[in-house]
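Start with one residue and work outward. The report below moves from a helix to a core, then to a pocket and some loops.

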Amino acid sequence: MDAFGALFHGDATFVNRFATYARGVEQIVALHRGIHETIYRDSRLENELIAVDRVADGVAIVHFWSRLTTGGAHPAGPHSVDTLILAVLSQRDHAWRIQALENVTLTNPRTGAATLREPRP
């Protein structure tokens, strides 16, 4: 969790896939610590960069796909969840860190069922 927290500026914001809003590294880490110590403790996360757009000096918008594959510790058993992540990164004191991040689960809008995207070849 220390390494995860180090990705963010101290005053960063995070919106998880369930629309929970956290402000500041302490809240962001607290939001994730419990699930990563329990139901996600044997999970794997794979990210695939879509695009990086520099919008000003020291500011970039980053989009990437993220696939969470859970293990046996999850109550629903092993399965995968895909999300699309938008992050705003900024450079302060010569370091790039996340200023804001939003994580959106891919779902079928008609049924609400989670869907998996097809990986790019």
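Isoleucine 28 sits in helix 2 (residues 25–37). Helices (H or I, at least four residues) and strands (E, at least two) are DSSP runs, numbered from the N terminus. This is a predicted model, where local features need pLDDT of at least 70, side-chain atom pairs count only at pLDDT 80 or more, and totals for chains, interfaces and linings use all residues. Residues are numbered from 1 along each chain as its sequence is written, and side-chain values use heavy atoms, with hydrogens and water left out.

**Helix 2**

Is isoleucine 28 buried or exposed? Isoleucine 28 counts as buried because its relative accessibility is 0%. Buried means under 20% relative accessible area, exposed over 50%, and partly exposed in between (1.4 Å probe, protein chains only). Leaving aside neighbours within four places in sequence, isoleucine 28 is in contact (heavy atoms within 4.5 Å) with Phe4, Phe8, Ala12, Thr13, Phe14 and Ala22. Valine 88 is 60 residues from isoleucine 28 in sequence, and their C-alpha atoms are 15 Å apart.

The buried residues of helix 2 are Ile28, Val29 and His32. They pack against helix 1 (2–5), strand 1 and strand 2 (21–23). Helix 2 has 13 residues and should span 18 Å at 1.5 Å a residue; its end C-alpha atoms are 18 Å apart, so the two values agree. The expected span is 1.5 Å times one less than the number of residues.

**The core**

Ile28 also belongs to the largest nonpolar core, which has 11 residues in all. Such a core is a set of buried Ala, Val, Leu, Ile, Met, Phe, Trp, Tyr and Cys residues joined through side-chain atoms within 4.5 Å. Its members include Phe8, Val62, Phe64, Ile85 and Leu101. Strand 1 (8–15), strand 4 (59–69), strand 5 (80–92) and strand 6 (95–105) each supply at least two residues of this core. Strand 1 gives the most, with 3 residues.

Take phenylalanine 64. Not counting residues up to four places away in sequence, phenylalanine 64 touches Asn47, Glu48, Leu49, Ile50, Thr83, Leu84 and Ile85.

**The pocket**

Rolling a probe the size of a water molecule over the atoms shows where empty space is left. The largest pocket has a volume of about 600 Å³. A pocket is an open set of points on a 1 Å grid over the protein atoms alone, where a 1.4 Å probe fits, with protein on both sides within 12 Å along at least five of seven lines; lining residues have an atom within 4 Å of a point. The volume is the space filled by probe spheres set on the points.

The largest pocket is lined by 27 residues, and Phe14, His32, His36, Leu45 and Asn103 lie nearest its centre. By class, its lining has 16 nonpolar, 8 polar and 3 charged residues. Ala, Val, Leu, Ile, Met, Phe, Trp, Tyr, Cys and Pro count as nonpolar, Asp, Glu, Lys and Arg as charged, and the others, Gly among them, as polar.

**Loop residues**

Two residues other than glycine have a positive phi.

| Residue | Phi | Loop | Relative accessibility |
|---|---|---|---|
| Alanine 19 | near 65° | between strand 1 and strand 2 | 63%, exposed |
| Aspartate 93 | near 50° | between strand 5 and strand 6 | 74%, exposed |

Asparagine 16 is in the loop between strand 1 and strand 2. Asparagine 16 is buried, with a relative accessible area of 15%. Not counting residues up to four places away in sequence, asparagine 16 touches Leu31 and Asn103. The C-alpha atoms of asparagine 16 and leucine 31 are separated by 8.7 Å.
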